[in-house]
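Q: I've got a model open and I'd like to learn how to read it, one feature at a time. Can you walk me through it?

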Amino acid sequence: MKTLNRIIVITATYLLPAVAGAQPVMETGNGKMPDEWIDQDTHHKVIKLTRTEGANGSFYFHNNPFVDNRMVYYNTQRGQGRQLYTVDLKTLKTQQITQQPMGMNGEILAPKGKNIYYQIKDSVFVTNIDSRKTRLVFVFPVDFRAGITTVNADETLLAGAWSSDAEKEIFKNNPSKSEYFNKIYEAMLPRTLFTINVKTGELNKLFTDSAWLNHVQFSPKDPALLMFCHEGPWHKVDRIWTIDVKTKKVQLMHKRTVDMEIAGHEWFSPDGKQIWFDLQQPRSVTFFVAGVDVKTLAEKKYTLTRDEWSIHFNISADQKLFCGDGGDPGQVAKAKDGMWIYLFTPNGDHFVSEKLVSMKHHNYKLEPNVHFSPDGKWVIFRANFEGESNVYAVEVKKS
């Protein structure tokens, strides 16, 4: 398929095929792929969502990329830097949203206002997806250079974590994760959680600790509830915490109870009532996806096999299905056959899995970061099995 407009739209269904049965059955990633195909190993249909020239990247797994029927993504082209685009999930029509002279970081979408927040060096901007009007929101002062990572449910506050110059120097001198990860944890340098008022630009320093505060996420429903983690070697930290930005009450959400237990890659459920996370009791031996109630702290967990373990998991909007992006043998699970995009259906205390896409030609240095489409009929992921990064969607229903 050569153009972006040959996909037929029926009612409000996303990503329907141009011609039923027209897609070739192919090995995924064994060379250049067409715009649509059937994975020969799973018999699920795959569609390339990003057809913009250059490298295309989706949002991190816990950052919402969807507004109405569109998905926001990053595109990087020579001479243009990193810019934000949208792709219409019905028509696959793309539209460039930003045209900044320098690339940005952010991945912060406020779907109600249809605004995307991002940062260029020390300056925070917001661009409206429909009008593409941009305004400056905030400039970090010289003595408090930090980064935003999340916006709250009513789009009144941005949040992030500040780190010291000493910590920044450790990152600078140890650029790879294998070098800096333990060094940052062991340094026990102060980090500060903060919020920025979107309208007034007021900076509020919420909470400081001599710990590596990271993974800062607002609840999708409660504008005052902010989640963060104690980063570091997962078997050494009680990782998952929340703070009420009004009362500043800090709450540990899951305490380790087993030697070498790890919990991490946490995310909020769509209704904001639970926090889900990867749980291993102990590390690299027994695998679960677990959830904790944000009010009662009651937990439930689903078992899965070593090969089904995924770097990241996610949940559908109706909260009936989960998905995972698998992992190569070098990951913590040491899976022998884990390079798949997975669909998981809860059944009692365990998951029933289905393989959606083979990822054997994907280099997992680029994490796939799975999302369900808003209608729950597709799992969206990024991959480099064609050589350059692109974003794809695999149909949950088998073709």
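Q: Let's start with Leu-279: is this residue buried or exposed?
A: The general idea is to look at relative accessible area, and anything under 20% counts as buried. Leu-279 comes out at 1%, so it is buried. Keep in mind that this is a predicted model.

Q: Where does Leu-279 sit, and which residues does Leu-279 touch?
A: Leu-279 is part of strand β22. Leaving out residues up to four places away in sequence, Leu-279 touches His-254, Glu-261, Ile-262, Ala-263, Thr-286, Phe-287, Phe-288, Ala-290 and Lys-301. You can also check a pair by C-alpha distance: Leu-279 and Val-289 are 10 residues apart in sequence, with 5.8 Å between their C-alpha atoms.

Q: What about Leu-92: where is this residue found, and is Leu-92 buried or exposed?
A: Leu-92 is found in a loop, the one between β7 (81–88) and β8 (94–96). Its relative accessibility is 0%, so Leu-92 counts as buried. For a sequence-versus-space check, take Lys-48: Leu-92 and Lys-48 are 44 residues apart along the sequence and 9.3 Å apart in space, C-alpha to C-alpha.

Q: Can you show me residues that are partly exposed?
A: Partly exposed runs between the 20% and 50% cut-offs. Gln-319 has a relative accessible area of 28%, so Gln-319 lands in that class. You'll find Gln-319 in the loop between β25 (313–315) and β26 (322–324). Not counting residues up to four places away in sequence, Gln-319 touches Ser-269, Pro-270 and Asp-271. Tyr-73 is 246 residues from Gln-319 along the chain, and their C-alpha atoms are separated by 24 Å.
A: Asn-347 is another case, partly exposed at 41% relative accessibility. Asn-347 belongs to strand β27 (residues 340–347). Its C-alpha is 18 Å from that of Ser-269, and the two residues are 78 apart in sequence.

Q: Now backbone angles. Which residues other than glycine should I look at for a positive phi?
A: Try Asp-68, where phi is near 45°. Asp-68 is in the loop between β5 (66–67) and β6 (70–77), and its 37% relative accessibility makes Asp-68 partly exposed. Then go to Asn-369, which isn't a glycine but has a positive phi of about 55°. Asn-369 is in a loop too, between β28 (350–358) and β29 (371–372). At 0% relative accessibility, though, Asn-369 counts as buried.

Q: What is the omega of the peptide bond from Gln-281 to Pro-282, and where is Pro-282?
A: Omega there is near -5°, and the bond is cis. Pro-282 has its place in the loop between β22 (274–280) and β23 (287–293).

Q: How many disulfides does the structure hold?
A: To call one, you look for a pair of cysteine sulfur atoms within 2.5 Å. The structure holds 0 disulfides. While you're looking at cysteines, try the accessibility reading again. Cys-229 has a relative accessible area of 0%, so Cys-229 is buried. Cys-323 is also at 0% and counts as buried.

Q: How do I read a pair of helices, and at what angle do the axes of α1 and α2 cross?
A: Two packed helices are described by the angle between their axes and the distance between the axes. Here, the axes of helix α1 (residues 165–173) and helix α2 (residues 177–187) come within 10 Å and cross at roughly 165°. An angle over 145 degrees counts as roughly antiparallel, so that is how α1 runs relative to α2. The crossing of α1 and α2 is right-handed.

Q: Which residues make the contact between α1 and α2?
A: From α1 you have Glu-167, Ile-170 and Phe-171, and from α2 there are Tyr-180, Lys-183, Ile-184 and Ala-187. Sorted by class, the contact of α1 with α2 has 5 nonpolar residues, 2 charged ones and no polar ones.

Key
Residues numbered from 1 in each chain as written. Predicted model: local features only at pLDDT ≥ 70, side-chain atom pairs only at ≥ 80, totals over all residues. Heavy atoms only, no water. Buried < 20%, exposed > 50% of the residue type's maximum accessible area, 1.4 Å probe, protein only. Axes fitted to C-alpha atoms, helices over the stretch in contact; angles between N-to-C directions. Helix = DSSP H or I, 4+ residues; strand = E, 2+ residues; numbered from the N terminus. Parallel < 35°, antiparallel > 145°, perpendicular 65-115°, else oblique. Left-handed = near helix turned anticlockwise from the far one by under 90°. Contact = heavy atoms within 4.5 Å. Nonpolar A, V, L, I, M, F, W, Y, C, P; charged D, E, K, R; others polar.
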